Every structure is written in structure tokens, then in C-alpha cells.
Amino acid sequence: MRFAGRIAGGAILPALLVISSAGAQETASALPAWIAGGWTGAQGDEWVEEYWTPPRAGLMLGGGRAGKGETLSSWEAMRIVRGANGMLTFYAMPEGKAAVAFPMVDQDERSIIFQNSRHDYPQRIRYWREGDRLMAEISLADGSQVKNWSYTRAGE
């Protein structure tokens, strides 16, 4: 019973900090588990794919690629991370470039929006679900210069 001995031995403050941090995690933003899995979209011979890991340890890892026929036109590594303050941030690393942070600005059970108004383009990244489809959109912070994607589950 080392634990009980440590509490009795004067470790009350650390115990209270553990209880306090557990309460803080309950109010933390939920990682968007509804984007986990493989997603594909196509129009003619142009295609796009995104793959997201399920949430674990405050992190989701993502990867995407796009192309035409058998030619790759772009790829990107992504991650969604829960920070120490409980807030989520989307990090985009297109084609191996330095990560750009997009803090979460809005979320509900089937949509999430990240925004970085200081970035050139995109400034806003939005994901949402419409039934079985995953929808994605990038734009400027004011909603202009919109580009949209519609995905179905990979293999369907």
C-alpha cells in the first residue's frame, strides 16, 4: 500500500492536482473520431484519398494524396493534436514542408473547423459528415476561395 502511505505522508497537493487535471480533461475538446479510416473521392480520372488513425493519446495522424490517373499531383501529412490546454490543433505538412498550425475554432458531434488567419492559403479547414460521406473544405478565413471534397469510405 505505497499509494496510501504517500497520501498520508503529505502528498495531498499532488493528489489534488491529479484530481483537478482529470476534471480538466473531461472538458477538453473531443478528437473527431468520425473522420477515422480511409476515404476516397474521384471525378473522372482525378482522385483524392485521405487516411486517418483513430484517436489515441490525444492524437490523430492523417495522410492524403491526390492525382490524375497514375500520376501523383500532391501529398500531405497531417495530425490533429490535443494540447495541454485541452484544445485541438490541426497541423498540415504539405509535401514535407514545415508544419502549419490551425487551432480549432468550432466543433460539434459531426463537424470541426480549424483556422489560422495569418496563413496565406488555406486559412480555414473544415471537415463534416453528411450521412456516410466525409466532406472537407478549405478557404480563406472569410469563407472565400472555397475548395471542396466529398469522400466515401475506401473500398466501398
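Over the ring of which residue does the charged end of Arg-79 sit? In this predicted model, the charged end of Arg-79 lies over the ring of Tyr-91, at 4.4 Å from the centre of that ring. A further arrangement of this kind involves Arg-126, whose charged end sits over the ring of Trp-128, 3.7 Å from its centre.

Turning from charges over rings to rings paired with rings, one finds five aromatic pairs in the structure. One of them joins Trp-52 and Tyr-127 in an edge-to-face arrangement, with 6.2 Å from centre to centre and an angle of 85° between the planes. This pair links distant parts of the chain, since Trp-52 belongs to strand β2 (residues 46–52) and Tyr-127 to strand β8 (residues 124–130), which places the two residues 75 apart. Both Trp-52 and Tyr-127 are buried.

Tyr-127 also pairs with Phe-90: the centres of these two rings are 6.3 Å apart and their planes meet at 40°, so the pair is tilted, because an angle that is neither under 30 degrees nor over 60 falls into that class. Phe-90 is found in strand β5 (residues 88–94) and Tyr-127 in strand β8, and the pair therefore ties together parts of the chain that are 37 residues apart in sequence. As for their surroundings, Phe-90 has a relative accessibility of 2% and counts as buried, while Tyr-127 is buried with a relative accessible area of 3%; the cut-off that applies here is under 20%.

Seen together, Trp-52, Phe-90 and Tyr-127 are among the members of one aromatic cluster, which also includes Phe-102 and Phe-114.

Note on methods:
Residues are numbered from 1 along each chain as its sequence is written. This is a predicted model: local features need pLDDT of at least 70, side-chain atom pairs count only at pLDDT 80 or more; totals for chains, interfaces and linings use all residues. Side-chain values use heavy atoms; hydrogens and water are left out. Rings of Phe, Tyr and Trp (its six-membered ring) pair if their centres lie within 6.5 Å; planes under 30 degrees apart count as stacked, over 60 as edge-to-face and the rest as tilted. Helices (H or I, at least four residues) and strands (E, at least two) are DSSP runs, numbered from the N terminus. Buried means under 20% relative accessible area, exposed over 50%, partly exposed in between (1.4 Å probe, protein chains only). A charge sits over a ring if NZ of Lys or CZ of Arg is within 6 Å of the ring centre and within 35 degrees of the ring normal.
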